[in-house]
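Subject: A structure for you, and what I found in it

Hi,

Here is the structure I promised to pass on. Have a look at it first, then read my notes below.

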Amino acid sequence: MDRSGDREEAWYDEDAGPMARAYTVTRGRTVPAGRFDLIALVVARPGAVVPEGLFPEHREIVRRCRQPLSVAEVGAVLDLPVGTVRVLLGDLVEAGLVETREPSSLGERPSMELLTALLAGLRSL
């Protein structure tokens, strides 16, 4: 019980809300069914309909991914941790509602010169 005597107040932590939700939508799972690179593209399959029993976050991922989004972008637009997004994506891939395209299948890998320049730019920040 807190000092004001309000029992409800003692059990409520405003900062814990989003984390509790992330735990709930993943049903406590922390390991996704599959591997999802941050820059892998996620695309909803044509006509994909999310069945009952999945969370609103699953529906929102399918809706947003009518146009390709990276795994990182999905996390940003849904304001969810990437670990949570990966678990949800695993559910959707297993259900056949979305597909992912890993970066290695998107074309050439960047040159060593580009990676060196990128690293130098990051270090200068």
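Let's start in the middle of things: helix 4 passes helix 5 in a right-handed crossing. A crossing is called right-handed if the near helix is turned clockwise from the far one by less than a right angle, and left-handed if anticlockwise. Val71, Val74 and Gly75 of helix 4 make the contact with Val82, Val85, Arg86 and Leu89 of helix 5. "Contact" here means heavy atoms within 4.5 Å. Sorted by type, the residues of this contact are five nonpolar, one polar and one charged. For that sorting, Ala, Val, Leu, Ile, Met, Phe, Trp, Tyr, Cys and Pro count as nonpolar, Asp, Glu, Lys and Arg as charged, and the others, Gly among them, as polar.

Before going on, some small print. You're looking at a predicted model, so local features need pLDDT of at least 70 and side-chain atom pairs count only at pLDDT 80 or more, while totals for chains, interfaces and linings use all residues. Residues are numbered from 1 along each chain as its sequence is written, and side-chain values use heavy atoms, with hydrogens and water left out.

The whole chain

The chain has six helices and three strands. Both kinds are DSSP runs numbered from the N terminus: helices are H or I with at least four residues, strands are E with at least two. Read from the N terminus, the order is α-α-β-α-β-α-α-β-α. Of the 125 residues, 26% are buried; that word means under 20% relative accessible area, with exposed being over 50% and partly exposed in between (1.4 Å probe, protein chains only). The chain exposes about 8700 Å², and carbon and sulfur atoms supply 56% of that. These areas come from the Shrake-Rupley method with a 1.4 Å probe, and for residues only the protein chains shown count as cover. If you take the contacts with a separation of 6 or more, 72% of them are between residues 24 or more positions apart.

Three helices and how they pack

Two packed helices are described by the angle between their axes and the distance between the axes. The axes are lines fitted to C-alpha atoms, for helices over the stretch in contact, and the angles run from 0 to 180 degrees between N-to-C directions.

Back to helix 4 (residues 71–78) and helix 5 (residues 82–94): their axes come within 9 Å and cross at roughly 110°. The two helices are therefore roughly perpendicular to each other. The cut-offs are 65 to 115 degrees for roughly perpendicular, under 35 for roughly parallel, over 145 for roughly antiparallel, and oblique for the rest.

Now add helix 3 (residues 56–64), which packs against helix 4 at an angle of about 120°, with the axes 11 Å apart. That makes helix 3 oblique to helix 4. This crossing is right-handed. Glu57, Glu60, Ile61 and Arg64 of helix 3 make the contact with Val74, Val77 and Leu78 of helix 4. The split there is four nonpolar, no polar and three charged.

Helix 3 also packs with helix 5, at about 75° and with the axes 10 Å apart, so this pair is roughly perpendicular. Here Glu57, His58, Ile61 and Val62 of helix 3 meet Leu88, Leu89, Asp91 and Leu92 of helix 5. Those residues divide into five nonpolar, one polar and two charged.

A few residues to click on

Is Ile61 buried or exposed? Ile61 has 0% relative accessibility, so it counts as buried. Leaving out residues up to four places away in sequence, Ile61 touches Val74, Leu78, Leu88, Leu89 and Leu92.

Glu60, also found in helix 3, counts as partly exposed because its relative accessibility is 22%. Glu60 and Leu78 are 18 residues apart in sequence, with 7.9 Å between their C-alpha atoms.

Arg64 is partly exposed, at 33% relative accessible area. Beyond four places away in sequence, Arg64 touches Leu69 and Val77. The C-alpha atoms of Arg64 and Val74 are separated by 7.9 Å.

Finally, find Asp79 in the loop between helix 4 and helix 5. Asp79 has a positive phi of about 55° although it is not a glycine, and at 69% relative accessibility Asp79 counts as exposed.

Cheers
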